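Colleague: I'm new to reading protein structures, and I'd love some help. Could we go through this one together?

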Amino acid sequence: MQKKTFTKWVNQQLVPVGSNISDIYSDFTNGVNLVTLLQVLFKDPIVEWVSGSAADAVGNLKPCFDYLQFKKKMKLVNIGPIDIFNGNHKLTLGLIFQIILFVQIDNIEVDGLKGMHGLLLWVNRQIEPYGQKVSDFTDSWRDGKAFAALAAALCENYDFGKAEEMGQDDRHRSAYDKMEDDLNVVRLLDPEDFHNEEIDDKSVLTYVSSIFNAVANDDESRRHVQAIDRVARLAMKTGSMILKYEKEARAYNKLLDDKIEYFHETEPRDSKDCRRLKEEFANYQKTEKEDIKNRKVELESMLSDIHESERAESRPLYIPPEGLGPNEISQKYRDFEEAENEYEQRLLEKFKYFLTIERLMNQLDLKCQRLSDRLKDNIKKTDLNDLGDSVAECNHKLAELDDLVEEDDDTEKEMKELHDLLDSFPKDCSEYSEAMDKVEAVEDLQDEWEDHKKEYRDRLEENLERQQELERLERDMVKEADKIEENLDHVEMLLNTSNGADSFETAEANASAEEAHRELDQVKDSVEDLREKQKQLLDNGKEDEVQRHPLKPIEDRIRNLERELKQKEDTLDEINRHTEQCNQALQEYDELANAVQQYVEDNSNDLRAKKNATPEEQMELIRQKKEDYNRPPECYRVMKEKEKECRDIGTNTASFGPINSVWTEYGKHLDRKEAKLKDDEDRKKMESLSPDEEKLLEQVYNALNTDGKGLTADQLREALQAMGINMSLNDVIAKLTAMGYKVGPNMRLGLPDLKQFLLELKATKNNKEDIQHSWRYLAKNKDKIADTDVDKYFKDYESYPYLKESMPADENGLCDYQEWTEAAFKH
């Protein structure tokens with residue numbers, strides 16, 4: 001049984017190098033397989049083995065024994081190279097068992113118990129819930145129930161009750177198969193091994209310790225992951241700030257470079273372009289320039305925050321990469337301001353030159369435009385097709401023509417000034433020819449006006465004689481029509497004064513509508529009188545005169561005004577109803593808003609009243625408040641429904657904002673209080689030991705303090721190892737010395753001293769070497785870790801997104817954790 005078990009164990013260790021043995025007695029005689037086994041187990045080079053003669057075999061075996069005895073301090077009593085060379089069965093098995101003890105049994109420690117005793121304690125803790133207990137590694141395991149209970153405790157979906165109902169061999173077999181599938185533990189035993197009267201305890205011990213180490217490796221990985229996560233979260237605080245600073249600093253440098261290039265290369269092409277550039281520059285100085293200054297201040301503030309954070313945690317100050325330092329950015333900012341000033345001066349000189357040309361051109365344009373407008377306006381005013389429809393219009397037009405003729409003297413003076421201004425233009429500028437064209441266009445327009453005014457006067461005098469005859473006939477009818485139009489204008493004015501909701505809400509609006517109604521009735525009576533006068537003109541053959549004053553437009557206007565009056569009256573009624581509805585809805589909304597305001601004040605007062613309570617009580621109160629807030633309370637829900645109702649009917653929404661802002665700020669206040677309590681709780685945990693740590697500390701101290709005098713430095717190192725903290729004796733002595741202890745043969749440490757030592761370690765835990773060791777463990781002793789392993793170990797931790805960002809994978813999917821660790825501790 002022992003030979004078979006040890007052979008399987010050896011072959012399992014040799015899997016990584018693709019080797020195996022078939023006979024444990026003969027396959028180790030030449031030393032080759034032993035060299036290979038030790039190199040796989042301890043990752044150390046032993047010897048360059050030689051396959052050949054008996055001397056070569058002994059030459060291979062002797063370095064193996066030297067390595068085990070002198071470097072690994074393994075006790076090999078009465079076992080030597082010659083025994084293995086001769087294939088001594090008992091001693092060969094004894095050597096393999098000593099290696100198994102050293103590799104996977106002696107390093108077991110559970111609550112101060114080491115080796116097989118610690119292993120028995122661990123097993124009993126796993127199988128106790130299933131009513132099982134073991135006291136040895138022989139008969140306690142015969143019926144297979146201990147193996148079945150162990151499989152049920154460590155594996156998922158293994159039915160212990162069903163295993164109890166099986167036969168002994170089937171029970172053994174099912175437990176072995178389950179642990180091989182779930183825990184990747186090689187099946188070293190067979191059910192038949194327990195048929196013997198005497199069970200080999202070494203074989204059982206080897207298999208059970210393999211199970212323990214398979215489970216313990218997962219726990220060890222979790223411990224290393226947690227250590228790295230703690231450092232990553234510390235680095236994340238400053239690291240994220242540094243990433244943001246460098247990104248913003250590069251963007252700021254790019255902005256300054258772009259501005260400097262723009263100031264150096266931009267030149268105005270003409271006066272229009274110069275004015276545009278000047279306006280753009282003025283707008284830039286008012287807006288963008290201030291933003292550039294503020295961004296520089298923000299960068300300096302960000303760098304200051306980074307340094308403050310690093311000082312608070314006693315870490316080296318961050319030094320920005322080349323080109324991103326504060327002095328370099330300040331120098332670039334000075335270069336930018338110098339380029340800006342040069343550009344402003346250059347633009348000003350160009351602007352002055354173009355301004356002179358533009359001033360002359362503007363003066364000429366103004367004079368040309370004024371003369372052109374006057375002449376065109378003269379021609380327009382003296383329209384040959386509009387000679388007047390009455391005597392008064394004809395006389396008026398003749399008087400206007402005389403006034404225009406008097407203005408011709410001013411026109412002549414301005415034409416002379418225009419020629420003088422043209423002579424002041426620089427003859428070589430591009431605008432001179434344009435100015436000449438404009439002056440010639442004015443001269444042509446002046447000639448056109450002289451011909452037009454002579455013809456206009458002749459036609460006016462002819463039309464005056466004709467209108468004098470017609471006007472006598474129309475006078476009476478016109479007077480009546482004018483009176484009607486005047487009355488209709490007044491009605492229209494009355495309707496306009498009552499236009500809009502605000503006016504209609506007053507008694508004045510109602511009075512205006514009633515007055516318009518009365519005056520329309522009077523106008524309709526006047527229309528009947530006008531109709532009678534037109535009938536008399538028609539009876540005397542005056543059809544054209546009657547057609548000049550038709551009744552239909554007047555009647556249409558009356559109908560339109562009646563229709564408009566009816567609409568205004570209807571609108572007034574509707575506005576009154578809507579106003580009453582809005583006022584009622586707003587009153588109800590204000591009452592509900594007051595209830596929400598009171599709810600926020602009451603809950604805020606509750607929080608202030610509990611400010612001296614324990615953090616747990618405060619956190620529970622905040623949790624309850626947040627649940628109520630997210631539900632939300634009935635008063636808030638009803639208020640929002642009333643707010644929607646007010647909006648739907650068109651009520652003014654100006655009063656909705658304040659209470660909604662109060663409600664939103666109350667929710668943010670709860671979030672800030674909760675975040676602060678969590679931060680305080682995390683800080684307290686880092687400054688003290690947990691109850692479990694206190695208990696473990698006392699157990700380890702009592703186990704090692706056998707003489708009751710306290711612990712020596714070496715015993716302190718053993719205590720730390722028992723608690724999962726690996727430190728060399730020199731590191732322990734250095735730490736004690738740094739804490740003020742006088743280390744010597746007579747020094748003894750009590751329980752309070754041990755607790756203080758652990759607190760000091762906890763405060764300075766996770767130094768760079770520890771984190772490098774943890775990464776190397778997770779990377780399986782490789783210099784880089786696979787990106788998929790980072791996902792596997794850290795995806796459920798808070799630092800996961802920061803790790804993915806700050807430690808990117810290369811083209812082979814590998815992450816450089818050594819470079820990351822250097823950067824993390826620098827940050």
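Here are some questions and answers about cavities, domains and aromatic rings.

Modeller: Happy to help! Keep in mind that this is a predicted model.

Colleague: How many cavities of 30 Å³ or more does a search of the whole structure find?

Modeller: The largest cavity holds about 50 Å³ of space. The second largest has a volume of about 30 Å³. For cavities of 30 Å³ or more, the search of the whole structure gives a count of two.

Colleague: Which helix supplies the largest share of the lining of the largest cavity?

Modeller: The lining includes Lys 296, Leu 299, Glu 300 and Leu 303, along with Pro 326, Ile 329 and others. Two helices, H12 (288-312) and H13 (326-381), each bring at least two residues to this lining. The largest share is four residues, and the helix that supplies it is H12.

Colleague: How many charged residues are in the lining of the second largest cavity?

Modeller: This cavity is lined by Thr 266, Glu 267, Pro 268, Tyr 343, Arg 346, Leu 347 and Lys 350. Glu, Lys and Arg count as charged, so look for those names in the list. By class there are three nonpolar residues and one polar, while the number of charged ones is three.

Colleague: What distance separates the centres of domain 1 and domain 2?

Modeller: In the domain assignment, domain 1 covers 2-223 and domain 2 covers 228-356. Taken over C-alpha atoms, their centres are separated by 67 Å.

Colleague: What kind of aromatic pair do Phe 263 and Tyr 284 form?

Modeller: This is one of 28 aromatic pairs found in the whole structure. The ring centres of Phe 263 and Tyr 284 are 5.9 Å apart, with 70 degrees between the planes. Planes over 60 degrees apart meet the cut-off, so the pair is edge-to-face.

Colleague: Why does that pair tie together parts that are apart in sequence, and how many residues apart are they?

Modeller: Phe 263 belongs to helix H10 (residues 201-265), whereas Tyr 284 belongs to helix H11 (residues 271-286). Both residues are buried. Because the two rings lie in these two helices, the pair links parts whose separation in sequence is 21 residues.

Colleague: Over which ring does the charged end of Lys 296 sit?

Modeller: You have met Lys 296 already, in the lining of the largest cavity. Its charged end is 5.6 Å from the centre of a ring. That ring's residue is also part of an aromatic cluster with Phe 263 and Tyr 284, among others. The ring is that of Tyr 333.

Terms used:
Residues numbered from 1 in each chain as written. Predicted model: local features only at pLDDT ≥ 70, side-chain atom pairs only at ≥ 80, totals over all residues. Heavy atoms only, no water. 1 Å grid on protein atoms, 1.4 Å probe; cavity = no way out; pocket = protein on both sides within 12 Å on 5 of 7 lines; lining within 4 Å. Points joined across faces, edges and corners; volume = space filled by probe spheres on them. Domains from an automatic or database assignment. Phe/Tyr/Trp six-rings, centres within 6.5 Å; stacked < 30°, edge-to-face > 60°. Buried < 20%, exposed > 50% of the residue type's maximum accessible area, 1.4 Å probe, protein only. Lys NZ or Arg CZ within 6 Å of the ring centre and 35° of its normal.
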